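This report looks at how a two-chain model is held together, moving from its interior to its interface and then to its charged pairs.

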Amino acid sequence: MVIQVEQLRYAYPGTTKPTLHGMSFEIGRGEIFGFLGPSGAGKSTTQKILIGALKGYEGSVTVLGKEIKSIRSDYYEQIGVAFEFPNFYSKLTVLENLRLFRSLYQGETEEPSILLKQVGLEDAAYLKVSELSKGMKMRLNFCRSLLHRPSILFLDEPTSGLDPVNAAIMKELILERKAAGTTIIITTHNMQAAEELCDRVAFIVDGQIKLIDSPRELKLRQGEKKVRVEYKIGSELLMEEFSLHQLADNNRFLHIMRHYEVQTLHSLEATLDAIFIEVTGRSLL
Amino acid sequence: MSRKYQSLIFNDVRQIAKDPMLLASLLGPLAIIAFARFGFPFLSIWLEQQFSFYLYTYSDFTVAFLLLIIPLLPGAMSGLLMLDERDENLISYYAATPLTRHGYIFYRLALPCFLSAMLASAFLLLSGIAAMQFENLYTIILLTLEAPCLALFLVAFAANKVEGLALSKISGLLFAGPIAAAFIPDPLQYLALWVPTYWPAKTYLLGTLNEPYFALASFALGLLFHLFLLQRLSSMYLKRTD
């Protein structure tokens, strides 16, 4: 396991109410793991502990075999972090920024221009960061987190505020890193992104993990094993549901397929949104 | 010096070159040294000829006054750069790199200390009006600590760079330190003890009056006061950054 967390508790200094109440989870090598939950649930606090920004916790947090409380600066040679809001020197160019941040690492690093090409920003290398669009800044943010070839990537809301085209580019980039063997931890309240990217997700509410599983398993387990057909007879739109069990032998279903104009055909697995609300009793917004 | 600190210095040079105000902060101390060396003698001759005013009588005060400007400029420069970096959320990024947050703060405070020590020493050696005395060492140490105090004052109390600029104007109050040390008679002078710049000015002036023990006492008290300020301001800054 790359990350092992047992009975993690944390209260911010000066507060009596704990933010995290005894979390336990494990993340394997090469896995994309998502923390899902509404604002203030404890996702960011968990991530801050995992990246060593908060050390006054109780319980055990081991990353790459080291207890986070005892990590030194060399830990940061192995992890890459992309915060939700891209943070750069806005008056400097893209390349100047990447060269500066690259020099903070002692180990082997990537050539910034090659990384820029990989994220489709090669033409922006000499633009000032202040001249970039939100989507370009998010890609640059991701690009910077890869500079030192980290084995673990922490991504905070990687698709936040992106239009569908840029969000799709970002998802593709994340999946490429997974294919290259990087372990990726995503913090988000975007269920759709989590569904498409994560091998497993953890639902966090009120500082506790309510459930951990793969999105696919959750959707199948919590959903109805049915298919819904919308079809037209003349100008009338009709809808019927059928059990998936022995669907190929269902005469009514086959009749509709053969004789009417089918408009939509959907299996009724649950959405992550619906599962989240059912499990936690809370909405994500 | 490690590669990361070299890169940070190189980056600062690039940022300073693009910002006229930051550039003035760096060139200001050099202009002060040049003024003391070349302008002061001309000014005193002119004042003597025109108004029979002997400026050289006040050369010790002039040194104490000009000296304190030197650390204020790199101190304000570092404070404004830190505010810029906090506005852009760069400090949380640095905290997640091998530089770490401590490394970042160390760099941002050590650089103005180094600049202040170098430039204050250059002033004392090159201005031509400063007394050559052992107490200058005390004065340089206190002046070196003024720079991080001002940088931390700005980042502890200002929410952003605009507020930081406004606060840096308030640092004009620090000119009260040498004025009190040079001109206000004794019991009243103690009202200025809380002004940080009082201590390096007083230590320097006690040196020129051949008062080695009083100068040492002034240095010791000033050092404690500056260390106390650094501790308080840095904990306020860290609280604000968290």
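The paragraphs below take up the nonpolar cores, the contact between the chains, one helix of chain B and the salt bridges.

The model is predicted, and its local features are read with that in mind. Its largest nonpolar core has 154 residues, and those with the most contacts inside this core are A:Ile3, A:Phe101, A:Phe203 and B:Tyr94. The largest share of this core, 14 residues, is supplied by helix H3 of chain B, which covers residues 59-87. A second core, separate from that one, has seven residues, among them A:Val227, A:Val229, A:Tyr231 and A:Leu247. In soluble globular proteins, nonpolar side chains tend to be buried together. Beyond its neighbours within four places in sequence, A:Phe203 is in contact with a list of residues that includes A:Leu36, A:Met191, A:Leu218, A:Leu272 and A:Phe276.

Between them, chain A and chain B bury about 2,200 Å², with 57% of this area on carbon and sulfur atoms. The contact draws 20 residues from chain A and 24 residues from chain B. Across this interface there are six residue pairs in polar contact, both residues being at pLDDT 80 or more, and two salt bridges. A:Glu96 forms a salt bridge with B:Lys18, and the closest N and O atoms are 3.8 Å apart. On the side of chain A that touches chain B, the largest share, four residues, comes from helix H2 of chain A, residues 94-102. The residues of that side divide into 11 nonpolar, four polar and five charged.

Helix H3 of chain B also holds two residues with hydroxyl-bearing names worth following, B:Thr62 and B:Ser78. B:Thr62 counts as buried because its relative accessibility is 12%, and, leaving aside neighbours within four places in sequence, B:Thr62 is in contact with B:Phe40 and B:Ile129. B:Ser78 counts as buried at 3% relative accessibility. Not counting residues up to four places away in sequence, B:Ser78 touches B:Arg108, B:Pro112 and B:Ala151. A polar atom of the side chain of B:Ser78 lies 2.5 Å from the backbone oxygen of B:Arg108. The C-alpha atoms of B:Ser78 and B:Asp12 are separated by 9.6 Å, although these residues are 66 residues apart along the chain.

Over all chains, the structure holds 17 salt bridges. Three of them, each within one chain, are set out here.

| Salt bridge | Closest N to O distance |
|---|---|
| A:Glu31 and A:Arg200 | 2.4 Å |
| A:Arg149 and A:Glu108 | 2.7 Å |
| B:Glu85 and B:Arg108 | 2.9 Å |

The pair of A:Glu31 and A:Arg200 links distant parts of the chain, 169 residues apart, with A:Glu31 in the loop between strand E2 and strand E3 of chain A and A:Arg200 in strand E9 of chain A. A:Glu31 counts as buried at 11% relative accessibility, whereas A:Arg200, at 25%, counts as partly exposed. The pair of A:Arg149 and A:Glu108 also links distant parts of the chain, 41 residues apart, and A:Arg149 lies in the loop between helix H4 and strand E7 of chain A. A:Arg149 is partly exposed, with a relative accessible area of 41%, and A:Glu108 is exposed, with a relative accessible area of 62%.

In chain B, B:Glu85 lies in helix H3 and B:Arg108 in helix H5, so the pair ties together parts that are 23 residues apart in sequence. B:Glu85 is buried, with a relative accessible area of 1%, and B:Arg108 counts as buried at 2% relative accessibility. Elsewhere, salt bridges that share partners join A:Glu224, A:Lys226, A:Arg228 and A:Glu241 into one network.

Key: Residues are numbered from 1 along each chain as its sequence is written. Chains are lettered from A and ligands numbered from 1 in the order in which they are written. This is a predicted model: local features need pLDDT of at least 70, side-chain atom pairs count only at pLDDT 80 or more; totals for chains, interfaces and linings use all residues. Side-chain values use heavy atoms; hydrogens and water are left out. A nonpolar core is a set of buried Ala, Val, Leu, Ile, Met, Phe, Trp, Tyr and Cys residues joined through side-chain atoms within 4.5 Å. Buried means under 20% relative accessible area, exposed over 50%, partly exposed in between (1.4 Å probe, protein chains only). Contact means heavy atoms within 4.5 Å. Buried area is the accessible area (1.4 Å probe) that two parts lose on being put together, summed over both. A salt bridge is a side-chain nitrogen of Lys or Arg within 4 Å of a carboxyl oxygen of Asp or Glu. A polar contact is a pair of N or O atoms within 3.5 Å; within protein, one must be able to donate a hydrogen and the other to accept it, and residues adjacent in sequence count only if both atoms are side-chain atoms. Ala, Val, Leu, Ile, Met, Phe, Trp, Tyr, Cys and Pro count as nonpolar, Asp, Glu, Lys and Arg as charged, and the others, Gly among them, as polar.
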